Amino acid sequence: MDRYQEQPHLLDHHLEGMMNSLLEIVWDSGSPPSLVHLAFKFLYIITKVRGYKRFLPRFPHEVRDLQPVLDMLAKQNPRDPETWETRYMLLLWLSMICLIPFDLARFDGNLTSLEGQARQPTMDRILDLAKCYLVVSDKARDAAAVLVSKFIVRPDVRQSRMADFLDWVLSMLSKSSSQTMEGTVIVNGMLQALAQLFKHGKREDCLPYAATVLECLDNCKLSESNQMVLRKLGMKLVQRLGLTFVKPKVAKWRYQRGCRSLAANLQPQGAAVQNQKREVAAAAPPEADDDEEYDIPGEIENVVEQLLVGLKDKDTIVRWSAAKGIGRITGRLPKELADDVIGSLLDCFSFQETDNAWHGGCLALAELGRRGLLLPSRISDVVPVMLKALTYDEKRGACSVGSNVRDAACYVCWAFARAYEPAELLPFISHISSALIIAAVFDRDVNCRRAASGTFPMALNILTAADYFAVGNRVNCYLTISVIRELSTKALHNITQAPEYMANVVLPRLLPLSVGSDLHTRHGAILACAEITMLCVNWHKRIIVSVCNILQFKINANVTSCGCLFKIATIAVFWGYLSSKTYFLTVCALIEKLSLSKMPFRGDPIISGWQWLINDSLRHLPLVSSAARQHIKESAVSALAALCNEFYINERGEADPALQDELVTQYVSELQNTEEMVRCGFSRALGALPRFLLKGRLQQVLEGLKKVTIISPEDVSFAEARRDALIAIAKVCQTVGVKGDGSQQEYVCSGNVDQIYATLLTGVTDYTTDSRGDVGGWVREAAMTSLMEVTLLLVQNEAQLIHANTCKQIMCWLAQQSAEKIDKFRAHAGSVFLTLLHFDHPPVPHIPHREELERIFPRWEKEVLNWNAASEAFPRITQLLGLPAYQYHVLLGLSVSVGGLTETTLRYSAQSLFDYMKKIQSDPSALESFCETLLKVFEDNLRNDRVSVPLLTMLDQMLANGCFDMFTEQENHPFPVKLFALCKEEIKRSKDIRKLRSSIGVFCGLIQFQGDMREKVFFQLFLLLCHPFPIIRKTTASQVYEMLLTYSDVLDPAIMDQAMAILSDTNWCVPQNNPCALE
């Protein structure tokens, strides 16, 4: 049913059928109480979704239903927390039955029961039940309030019981305290009953008691309560008392826009106006011309004052209730008094008031405007307040408040646009439209942007561009819809259609702000200067003269253009230390934009200042947060590339030798810095250097980057530095290009290609882990990407430089990574593998088993194969086990996956491996080859826990699944013998519980092989039964027990029962109970 919450009216055609089915269970005398309660629970769920007001009239409410429902309700336990839905629905049902138009005294008959005792009248029974449930703490209290409102206003009950009931309610209110839990429950029930009663009761019936109720309510001082619900109910009751004090008449002075008929609006203007006048005149009562005056009770002043105070409440729901009360009561007041209310309301919009008062005031203004109670003469007073509310923002510590005020101000605009004729708003339309468009595009809160976008009847093209969904995305608002900090400056770039104006007017205003004292203003001004400068220059070459002239003017007597820009950047970096990443990014963006703008600063001292700033940003990466480092690094590298390409190259396309030597040597020396982030920054900087700076220095750069990729005990955790060095190597190779017989100092050539590949292939073997997890994965991912980029670069230029052995290593390592357990790295490896396999411009040479690979991985599957999904990846990759060149590496990768901990990866990788093993059971040579490779993998990774532990788990599963059954008939087969020796060596002196437990399964699986080894296996298991760790002893006993059940022929039947008894009866967690009897 929850699916219908947004559109509950869809249930209307089915409500009657659902209700009848459930009520059949209720009426059935044979239904157990639990089933009846379940039926009422379902009825409650339907009521919750559709609302009780729509659902209630469908209940049967004939005379015959009264006594059964009343009896059923009387049997309920008001304090039972499990059946509150039953009591809630019965009370609602009884409130509907109470509307029967017969005197309840007729149902009493003879009030003497069969036992001779007096029976309580029906009226008193209902009233007692209502009183009982008004003081409970569950949902039944709400239904009891509804029952009271329908029951007390009956003519027969009103005459005899209303006064007594109100006395009881007021006495309960006066005796209860809202500071206690029990008192809060009682006050809540009494307030709900009074609010419902004064809502549904006739004015003439309730008016005699209204003043007394208001006095009691004042004495309760609900405005001081910390319970939001009580304050809200207090607001509801106050406004309904106020409506009781004044006559229910529509104010004749209110503003009437006229007919809302679409047909009338489509008529010519003159005819439409005449029709509206005739319709209004016809609808007016005969006495409409008489300005009837009547006395307004003095209590109204108290009511309005409480509602005005409620507009400043700390909770929105209370303010909203107060605002609706202001609107309802003002509509019944004379014009002069209503104007006084509006004047008092405008006092809420003072900057001495809190954001709560502003929000409540906006809600009340919207209600008054929507009801036509805010006359056009007051619009000139309201619009300035409304415009201030649209931009209301109050700082509180590190955050700001005011989004609710701005949202409510949009509601005011919405109400005014639909309440007044266009001519009334014409003097203010320009200011309101501008404020709304700015709010719709640039407000930082998505709710305010959406509220503003749907508020005012803007031009159609604006409305379609800034619709509800478009303004939901902040980046889209600032950059797309706005045809201004970081996104604002880019938006300023987008809206610049007059570059001369920007250069001559806007830029001179921004430069002084860029060296001001306010951090936020300086940040935005610097970025804006950068964006405008670049745009103006790109727009037209002649604008560069204007920009340069602007930059030559003096901000003050001592700051010239170059000094200004250097000062801007220096101050930005200084404040960057204090305010995180913001100003590192700012200065780098400024340098990049000014460089791309081709400013005539070649040879100017400012360039060396900019270079120092870039270098300083890279050196201080360790000082910023980890989340900001990548952004700063990328920004600095982009700025460096732009700076070098523009200002470090001469007319011959070369670099100054002294500058080149200084820059490259300095960057290479920083690669051995003790800070990892400094290594990262300067590695990426070397990768961004243009070709003319790398010319003659290529080997120096490659050697420096190679040293970063080497793992040493001092920098084993520097995974990010190794990653960035591998990325930089590929970038450098792409920058310098390929020439087979070229110089090692200038090109990728036959003399250095093997060194480059060796460095990159080393990165694929990085499995470093630390507290962050598998950080070596970052290095492997970067190595695979770099291998692909360098290989494709060579293929497209000098394919003969790729040796067959090198290509084999690349493809095998990629195949291994494609079989491993981490989805992200497996997907990346698979993508690179298929890219190299299917590249045909020209094809990559020397790929082993190309035809078989293309059959396993067809070209059309390159884009659709989901390597992240283990169910798709492993069935394909295990097929490579049949290709000799790939078997070792794929099996190595599969060992980690099959023996891993991730359920999905484990399931699909193991199933794919077992499927392959089934296929080769009939091929002894293939099985022998597989077993040799498996032992080779184990032997090469002894004591390498990353591989050996999951490998033992995989072996346990393979032995249990009968993958090596072919060898069980042969005594002392070399495979189980060598496998036993390797397992024994692996766990020697080990205290790794996971490894020891995995080895137990392998030893138990090896018992199936015949020969002398079986005795050795038993001896190894006996040693594990005597292991110091209780968990190992217990696991060994359990698995040996299972082993003996499975392979019952391995022991003499005479001692089998004794051994099984010892294994099952011994407490293996207690050291002294370890028996030696098993031997």
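In this predicted model, Phe980 touches Phe1003, Leu1006, Met1013, Lys1016, Val1017 and Gln1020, once residues up to four places away in sequence are set aside. Phe980 itself sits in helix 48, which runs over residues 974-986. With a relative accessibility of 6%, Phe980 falls under the 20% cut-off and so counts as buried. One of its partners, Lys1016, is 36 residues away in sequence, yet the two C-alpha atoms are 8.8 Å apart in space.

Phe1003 and Leu1006, two of the residues that Phe980 touches, fall in the stretch 993-1006 that makes up helix 49. Helix 49 in turn packs on helix 51 (residues 1030-1046), with the axes 10 Å apart and an angle of about 20 degrees between them. Since angles under 35 degrees count as roughly parallel, helix 49 is roughly parallel to helix 51. The crossing of this pair is right-handed. On the helix 49 side, the contact is built from Ile993, Leu996, Arg997, Ile1000, Gly1001 and Cys1004. Helix 51 answers with Ile1031, Ile1032, Thr1035, Thr1036, Gln1039, Val1040 and Met1043. The spacing of such contact residues has a simple background: an α-helix has 3.6 residues a turn, so residues three or four places apart point the same way.

Trp93 offers another buried aromatic to look at, this one in helix 5 (residues 84-97). Its relative accessibility is 0%, so Trp93 counts as buried. Leaving out neighbours within four places in sequence, Trp93 is in contact with Leu23, Trp27, Phe40, Leu56, Phe59, Pro60 and Val69. The C-alpha atom of Trp93 is also separated by 9.2 Å from that of Ala143, which lies 50 residues away along the chain.

Helix 5 is in turn part of what the buried residues of helix 6 pack against, together with helix 4 (66-74), helix 7 and helix 8. Helix 6 has twelve residues and spans 17 Å from first to last C-alpha, close to the expected 16 Å. Its buried residues are Thr122, Met123, Asp124, Ile126, Leu127, Leu129, Ala130 and Tyr133.

Helix 8 (residues 155-175) is made of 21 residues and reaches 30 Å end to end, C-alpha to C-alpha, close to the 30 Å expected. Even so, helix 8 carries a kink of about 60 degrees, centred on Arg161. Its buried residues are Asp156, Val157, Met162, Phe165, Leu166, Val169, Leu170, Met172 and Leu173. The cover over these residues includes helix 6 (122-133), helix 7 (140-151), helix 9 (181-200) and helix 10 (203-220).

How do helix 6 and helix 8 sit against each other, and at what angle do they cross? Their axes come within 12 Å and cross at roughly 30 degrees. That value is under the 35-degree limit, which makes helix 6 roughly parallel to helix 8. Helix 6 passes helix 8 in a right-handed crossing. From helix 6, Met123, Asp124, Leu127 and Lys131 meet Asp156, Val157, Ser160, Arg161, Phe165 and Trp168 of helix 8. Arg161, the centre of the kink, is thus among the residues of this interface.

Helix 18 (residues 379-390) and helix 19 (residues 403-419) pack at about 140 degrees, their axes 8 Å apart. An angle must be over 145 degrees to count as roughly antiparallel, so helix 18 is oblique to helix 19. This crossing is left-handed. Val382, Met386, Ala389 and Leu390 of helix 18 meet Val405, Arg406, Ala409, Cys410, Val412, Cys413 and Phe416 of helix 19. Those four helix 18 residues are also buried, and Ile379, Val383 and Val385 join them on the buried list. Besides helix 19, the cover over helix 18 includes helix 16 (335-346), helix 17 (355-370), helix 20 (422-425) and helix 21 (429-442). Helix 18 has twelve residues and reaches 16 Å, close to the 16 Å expected.

A few backbone oddities turn up in the loops. His841 and Pro842 are joined by a cis peptide bond, with omega at about -5 degrees. Pro842 is in the loop between helix 41 (823-838) and helix 42 (850-856). His846 is found in the loop between helix 41 and helix 42 too, and has a positive phi of about 65 degrees despite not being a glycine. At 43% relative accessibility, His846 counts as partly exposed. Lys221, also not a glycine, has a positive phi of about 50 degrees and lies in the loop between helix 10 and helix 11 (228-245).

How values were computed:
Residues are numbered from 1 along each chain as its sequence is written. This is a predicted model: local features need pLDDT of at least 70, side-chain atom pairs count only at pLDDT 80 or more; totals for chains, interfaces and linings use all residues. Side-chain values use heavy atoms; hydrogens and water are left out. The expected span of a helix is 1.5 Å times one less than its number of residues. The bend at a residue is the angle between axes fitted to the seven residues ending there and the seven starting there. Buried means under 20% relative accessible area, exposed over 50%, partly exposed in between (1.4 Å probe, protein chains only). Contact means heavy atoms within 4.5 Å. Axes are lines fitted to C-alpha atoms, for helices over the stretch in contact, and angles run from 0 to 180 degrees between N-to-C directions. Angles under 35 degrees count as roughly parallel, over 145 as roughly antiparallel, 65 to 115 as roughly perpendicular and the rest as oblique. A crossing is left-handed if the near helix is turned anticlockwise from the far one by less than a right angle, and right-handed if clockwise.
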